[in-house]
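Welcome to this short tour. Keep your viewer open and select along with the text as each stop comes up.

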Amino acid sequence: MMSDTVNLMLIWCLGLALGGFFFVGLWWTVQKSIRSAHPAWWLLSSLLVRMTVTIAGFYLVVSHEMANASLLRLLICLFGFICARLITARVVAKMTARLDTPVQQVAVIEQLNPHEGSQHAP
């Protein structure tokens, strides 16, 4: 019984790790593609890598040796994946909450577009 509980907690942690990889990777990709001359390449390659890793992880969870509880393991892994999404969204929201003032927004825009001069008067 204890072994089953530990296995399910490990599966939840795997789902959390897969979700963290997927959603942090998505956030990183969007940040990279904004600054890139070839955003489609970043988005497509990131999608392929993130989906491959995520699907392989879910497959490993379902194909584990305890075949009689594969649906339960899949649901617990999915729950961990969704928890990672919520955590990532909260962390990113806190990081972007610092952009409340117009001066900070202009500074970030100027960092994103370094080739363009400042639009403001000296």
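Start by selecting serine 33 in this predicted model. Is serine 33 buried or exposed? Its relative accessibility is 10%, and since buried means under 20%, serine 33 counts as buried. You will find serine 33 in helix α1. Show its side chain, and you can follow it to the backbone oxygen of valine 30, at 3.0 Å. Now add Pro39, Trp42 and Leu43 to your selection: serine 33 touches these three, leaving aside residues up to four places away in sequence.

**Next stop: helix α2**

Select residues 39-62, which form helix α2. Try a small check here: with 24 residues at 1.5 Å a residue, the helix should span 34 Å. The C-alpha atoms at its ends are 34 Å apart, so the expected span and the model agree. Which residues of α2 are buried? Colour Ser46, Arg50, Thr54, Gly57, Phe58 and Val61 to see them.

Stay with arginine 50 for a moment and show phenylalanine 22 too. The charged end of arginine 50 sits over the ring of phenylalanine 22, 4.6 Å from the ring's centre.

**Next stop: the aromatic rings**

How many aromatic pairs does the whole structure hold? A search finds 6. For one of them, select phenylalanine 22 and phenylalanine 81: the ring centres are 5.8 Å apart and the planes meet at 50 degrees, so this pair is tilted. It joins distant parts of the chain, with phenylalanine 22 in helix α1 (residues 2-35) and phenylalanine 81 in helix α3 (residues 70-96), 59 residues apart. Both phenylalanine 22 and phenylalanine 81 are buried.

Now swap phenylalanine 22 for phenylalanine 23. The rings of phenylalanine 23 and phenylalanine 81 have centres 5.2 Å apart and planes at 55 degrees, so this pair is tilted. Here, too, helix α1 is linked to helix α3, across 58 residues. Phenylalanine 23 is buried. Add Phe58 to the view, and you have the cluster that ring pairs make from Phe22, Phe23, Phe58 and Phe81.

**Last stop: the nonpolar core**

Select Ile11, Leu18, Phe22, Phe23, Phe58, Val61, Ile76, Cys77 and Phe81. These 9 residues make up the largest nonpolar core. Each of α1, α2 and α3 supplies at least two of its residues. Which helix gives the largest share? That is α1, with 4 residues.

To finish, pick out isoleucine 76 and show its neighbours. Not counting residues up to four places away in sequence, isoleucine 76 touches Leu8, Ile11 and Trp12.

Terms used:
Residues are numbered from 1 along each chain as its sequence is written. This is a predicted model: local features need pLDDT of at least 70, side-chain atom pairs count only at pLDDT 80 or more; totals for chains, interfaces and linings use all residues. Side-chain values use heavy atoms; hydrogens and water are left out. The expected span of a helix is 1.5 Å times one less than its number of residues. Buried means under 20% relative accessible area, exposed over 50%, partly exposed in between (1.4 Å probe, protein chains only). Rings of Phe, Tyr and Trp (its six-membered ring) pair if their centres lie within 6.5 Å; planes under 30 degrees apart count as stacked, over 60 as edge-to-face and the rest as tilted. A charge sits over a ring if NZ of Lys or CZ of Arg is within 6 Å of the ring centre and within 35 degrees of the ring normal. A polar contact is a pair of N or O atoms within 3.5 Å; within protein, one must be able to donate a hydrogen and the other to accept it, and residues adjacent in sequence count only if both atoms are side-chain atoms. Contact means heavy atoms within 4.5 Å. A nonpolar core is a set of buried Ala, Val, Leu, Ile, Met, Phe, Trp, Tyr and Cys residues joined through side-chain atoms within 4.5 Å.
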